[in-house]
Each structure stands twice: as structure tokens, then as C-alpha cells.
Amino acid sequence: MKKVLIAIFSFMALGNMNAQDKTEHQWKNRLILILTDSKEDTDFKQQLGELKNREAALEDRKIIVYQVTPKHYATGISDNPDWKEGDNFYEKFKKSDKSFEIILIGLDGGTKMRKEEFTPAEEIFEKIDNMPMRKAEMN
């Protein structure tokens, strides 16, 4: 029950963030949320660079990346994304006092991974590829 409530809250927060239906991504996309205090953060820049080099793998795994700062958010891995007002999105997901955090949200809306440092793409993909729904997709 707790996981269901967390999943519902997560997607409600996403819906509030961009004024779209809260279930827009559920069962369609996995999400990677990259939260940073500053766009100049070394881990943030390194994480974006790592994911840019793996665009095909992101697409294959139905991953949408959100870049999130305390006041803004953007979708995708572009160096110059279309930043939008954040509607407290950062505060809703940030759990650490570290300046960087990466969160993987599964198709079901549940948090599958949360790290406070740069995470290699292979580690993220391995986590996804071991999920039952991903195994079904690959078969």
C-alpha cells in the first residue's frame, strides 16, 4: 500500500509540475529525474553527458529524462533545454541534502533507484533490464 501511495504521489507531482494529466507517463515511460542545486554541478554535467552518449538505449528502454533545479525543470538531455517554472517539483522529489540526486521511476510509477552521485548509464540500464516488465519487453 505504501508503494502505491508513493507512486500516486510521484505522478501527481509530475502532473502538477507541467499541468498535464498525472498519469501521462505511467505505464508508457520510465523516468530519470536529475535533480541539482546548480546547472554547473559537476555530477549533473557528467550525468547529462553520460546519457547523451546513450540516446538509443534511452529510447529503447522508454526513458524520459527530466532535468530539475530548485526553480526550473526541462525535459530531455539537451545542453540548452526549454526550461520551465518548476512548481516546487524539486522539493517534492529531493530527499538528500547533497547538491545532486538521480532518481529512476519505473513504468508503474515507483521509485526504482535513487543515488546521490554520478551513476554510469550501464548501472541504470542493468537495473531496468532486470525488471520483470523490461524482460517481457525484450522477449
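## Aromatic rings and overall architecture

The structure, which is a predicted model, holds 1 aromatic pair. The partners are Tyr66 and Tyr73, whose ring centres lie 6.3 Å apart with the planes at 40°, so the pair counts as tilted, given that planes under 30 degrees apart would be stacked and those over 60 edge-to-face. Both partners can also be placed with respect to the surface: Tyr66 is buried, with a relative accessible area of 3%, and Tyr73, at 4% relative accessibility, is likewise buried, because the term applies to residues under 20%.

Two further rings take part in arrangements with a charged side chain, in which Lys39 lies over the face of Trp83 and Arg61 lies over the face of Phe125; the distances are set out below.

| Charged residue | Ring | Distance to ring centre |
|---|---|---|
| Lys39 | Trp83 | 4.2 Å |
| Arg61 | Phe125 | 4.3 Å |

Turning to the fold, the protein chain contains 6 helices and 6 strands, and these elements follow one another along the sequence in the pattern α-β-α-α-β-β-β-α-β-β-α-α. Among the contacts in the protein chain with a separation of 6 or more, 57% join residues that are 24 or more positions apart.

As for the surface, 45% of the 139 residues of the protein chain count as buried, Tyr66 and Tyr73 being among the buried residues. The area that the protein chain exposes comes to about 7,600 Å², of which carbon and sulfur atoms supply 50%.

How values were computed
Residues are numbered from 1 along each chain as its sequence is written. This is a predicted model: local features need pLDDT of at least 70, side-chain atom pairs count only at pLDDT 80 or more; totals for chains, interfaces and linings use all residues. Side-chain values use heavy atoms; hydrogens and water are left out. Rings of Phe, Tyr and Trp (its six-membered ring) pair if their centres lie within 6.5 Å; planes under 30 degrees apart count as stacked, over 60 as edge-to-face and the rest as tilted. Buried means under 20% relative accessible area, exposed over 50%, partly exposed in between (1.4 Å probe, protein chains only). A charge sits over a ring if NZ of Lys or CZ of Arg is within 6 Å of the ring centre and within 35 degrees of the ring normal. Helices (H or I, at least four residues) and strands (E, at least two) are DSSP runs, numbered from the N terminus. Contact means heavy atoms within 4.5 Å. Accessible areas come from the Shrake-Rupley method with a 1.4 Å probe; for residues, only the protein chains shown count as cover.
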